[in-house]
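Take a look at the model below. This report follows one sheet and then turns to the empty space inside the protein.

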Amino acid sequence: MLRIRQCNGYDAMNKERNYLLGMDCGTTNIKAVILSEDGAVIAKAGRTSSTIIPFSGGQEQNADNWWEDAVDVFQELSKKAGQDVIGKIRGLSISSHTVSMLPVDRSGRPLRNAILYSDIRSSGELEEIVQKVGRKRFVSIVGGQPSVAFLPNKILWFKRHEPELFARTSCFLQASSYLNYKLTGVLSSDTDQATRTQCLDISSGKWSAEIGNAVGVDLEKMLPPLFKVDDVIGNITEEAAAVTGLKAGIPVIAGCSDAMASMYATGMSRLGEAGESCGTSSLLFAGSLKKSLPDAPVVTRPCTIEGIPWIFDAPITATGAALEWFISRFALEECEKAKAAGKDIYSCLNELALEAEPGCGGLYFFPYLSGERAPLWNDHARGMFIGLHMNMKRCDLIRSVFEGTSYALRHVIETVRASGARVESLRICGGGAKSAAWNQMKASVLNLPVYVLDGDSGDVPVGDALLAGHSIGIFEDLTKAAMKTVRIKETIQPNQEWVKRYEKLYPYYVTMYRHLDEDLQGVKRTLADL
């Protein structure tokens with residue numbers, strides 16, 4: 001049987017040198033850092049994750065691979081940092097991509113691959129649930145727009161299409177919840193990810209019976225007990241210590257989504273600063289003095305940063321993923337050239353992109369390869385190149401991917417501004433921050449200064465480590481700790497010649513999609529009937 005309990009952290013008055021461990025289970029990789037109490041990264045390690053595509057629109061990952069990769073990462077950190085440091089780790093916090101659906105049995109064993117947030121197979125189930133509850137009522141319960149990215153529709157799809165596995169299911173977990181269970185034997189759900197599942201009643205803070213009734217399940221029984229993000233849910237067991245190289249007894253924090261950890265990793269400290277964590281997808285953060293309306297295209301959440309009572313955290317589904325898609329389909333020749341020259345493919349793409357003129361001669365790329373979350377919230381949007389002509393070169397295609405994802409970011413920023421946010425600058429962290437050309441285009445499309453964060457201090461696991469330190473009392477003020485730890489590597493100002501072009505070309509990005517939206521919905525319905 002799975003056990004559920006809460007434990008206390010280490011004594012915050014311990015005078016020995018303290019270290020913290022943060023891990024992020026992302027879509028494309030799992031990585032972790034050991035952070036000292038003065039904010040220095042002592043060691044870091046990571047492993048690449050693989051996504052399974054069982055059919056068009058399907059996106060899955062194997063939970064056993066999450067654990068195997070996590071074990072490898074912990075072992076590598078143990079070797080790099082040494083046992084003296086490992087013995088002084090005071091807390092561990094894990095974040096993850098969200099929302100996923102991982103069914104486990106009564107012994108905590110996965111019953112199937114996890115269905116990821118980017119999986120769109122359950123769009124029909126989503127429509128059915130919204131019709132039962134009513135769209136207005138649904139939004140008022142969950143505090144956001146219905147989307148196939150979330151959990152109710154995935155559970156209904158699973159119940160309907162894999163009834164034998166559903167009958168054996170004891171609980172549904174997120175990626176970080178599963179890793180926490182493997183470390184502690186404790187079943188949990190952090191309140192941050194819970195609010196993102198669209199299974200939680202935001203008014204009561206409990207799993208919604210009304211949403212559960214629409215799905216046909218008792219969510220109180222099928223979803224884990226709720227813990228605050230900085231609660232200590234348990235301690236590393238002797239069994240987990242033996243395989244990971246960590247010390248038994250280290251407190252494990254409930255943790256949070258990669259979105260919240262990313263917010264801390266950006267080092268935002270005041271209104272007007274926005275942050276983007278740019279990886280497979282992008283997460284945009286922008287502060288506000290007021291709470292958004294629940295039916296807004298993007299919504300606020302309470303924020304712990306002093307002076308920023310509310311934060312918009314708006315997800316864009318495919319930014320880095322759009323670039324990866326282009327590379328795998330259309331840039332194999334560049335990959336071979338880069339390999340032969342001893343360069344990485346991203347450097348080559350940067351150089352090629354800058355060979356094209358800003359605006360790519362009227363070529364637009366729409367990065368809606370898996371539908372879109374903010375601000376569209378639909379699964380019928382599709383990736384598109386619009387404006388191709390006979391004189392187009394490969395460099396135009398490459399630049400249009402960079403520009404299209406930058407336009408998508410601007411679309412979100414304009415939406416959060418309209419909903420009450422202030423955005424005067426952008427801080428970027430994550431893998432996408434390594435692209436100088438992309439960063440320059442973002443600065444110019446947004447007409448804002450872009451602050452590129454140091455690759456170590458601005459990485460998502462640092463946000464997890466900061467949260468762990470706050471939980472067990474090492475960091476009394478999480479905001480000050482983040483400001484002290486996160487460093488700016490480079491400041492990029494807009495290229496004003498590019499700005500002039502983008503100001504004229506960007507509006508068509510929004511209106512072209514708007515004109516096509518109804519037709520894309522029709523195509524989706526037609527394909528479903530074929």
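## The end of the sheet

Begin with β23 and strand β24, residues 488-492. They run antiparallel, and 4 bridges join them. One pair to find is Val452 and its bridge partner in β24, Glu490. Keep in mind that this is a predicted model.

Now look at the other pairing of β23. Strand β22 (residues 423-429) runs parallel to strand β23 (residues 450-453), and 3 bridges join the two. Here Arg427 has Tyr451 in β23 as its bridge partner. How does the chain get from β22 to β23? It passes through helix α17, residues 436-446. This β-α-β crossover is right-handed.

## The whole sheet

Step back to see the full set. The sheet is open and has 7 strands. Their order is β18-β19-β17-β16-β22-β23-β24. The pairing is mixed.

Which strands stand at the edges? They are β18 (300-302) and β24. Each has a single partner strand, so one side of each is left without a neighbour in the sheet. Neighbouring strands are turned against each other by 25° on average, direction ignored.

In a regular strand, side chains alternate between the two faces of the sheet. Keep this in mind as you trace the strands.

## A hairpin of numbers and a helix

Next, find strand β16 (residues 272-278) and strand β17 (residues 282-288). They run antiparallel, joined by 5 bridges. Cys278 of this pairing stands opposite Ser282 in β17.

A helix packs on the sheet. This is α12, residues 258-266. Which strands does α12 touch? They are β16, β17, β19 (310-316), β22 and β23. The direction of α12 makes about 65° with that of β17.

## Empty space inside

Rolling a probe the size of a water molecule over the atoms shows where empty space is left. How many cavities of 30 Å³ or more are counted? The count comes to 5. The largest cavity holds about 70 Å³ of space.

The lining of the largest cavity has 13 residues. Closest to its centre are Phe172, Gln174, Ser189, Trp207 and Pro224. Two elements, β8 (171-173) and α8 (191-196), each supply at least two residues of this lining.

What kinds of residue line the largest cavity? The lining divides into 7 nonpolar and 6 polar residues. No charged residue is among them.

Technical notes. Residues numbered from 1 in each chain as written. Predicted model: local features only at pLDDT ≥ 70, side-chain atom pairs only at ≥ 80, totals over all residues. Heavy atoms only, no water. 1 Å grid on protein atoms, 1.4 Å probe; cavity = no way out; pocket = protein on both sides within 12 Å on 5 of 7 lines; lining within 4 Å. Points joined across faces, edges and corners; volume = space filled by probe spheres on them. Nonpolar A, V, L, I, M, F, W, Y, C, P; charged D, E, K, R; others polar. Pairing = 2+ DSSP bridges. Right-handed = clockwise from strand over helix to strand, strands pointing away. Axes fitted to C-alpha atoms, helices over the stretch in contact; angles between N-to-C directions. Contact = heavy atoms within 4.5 Å.
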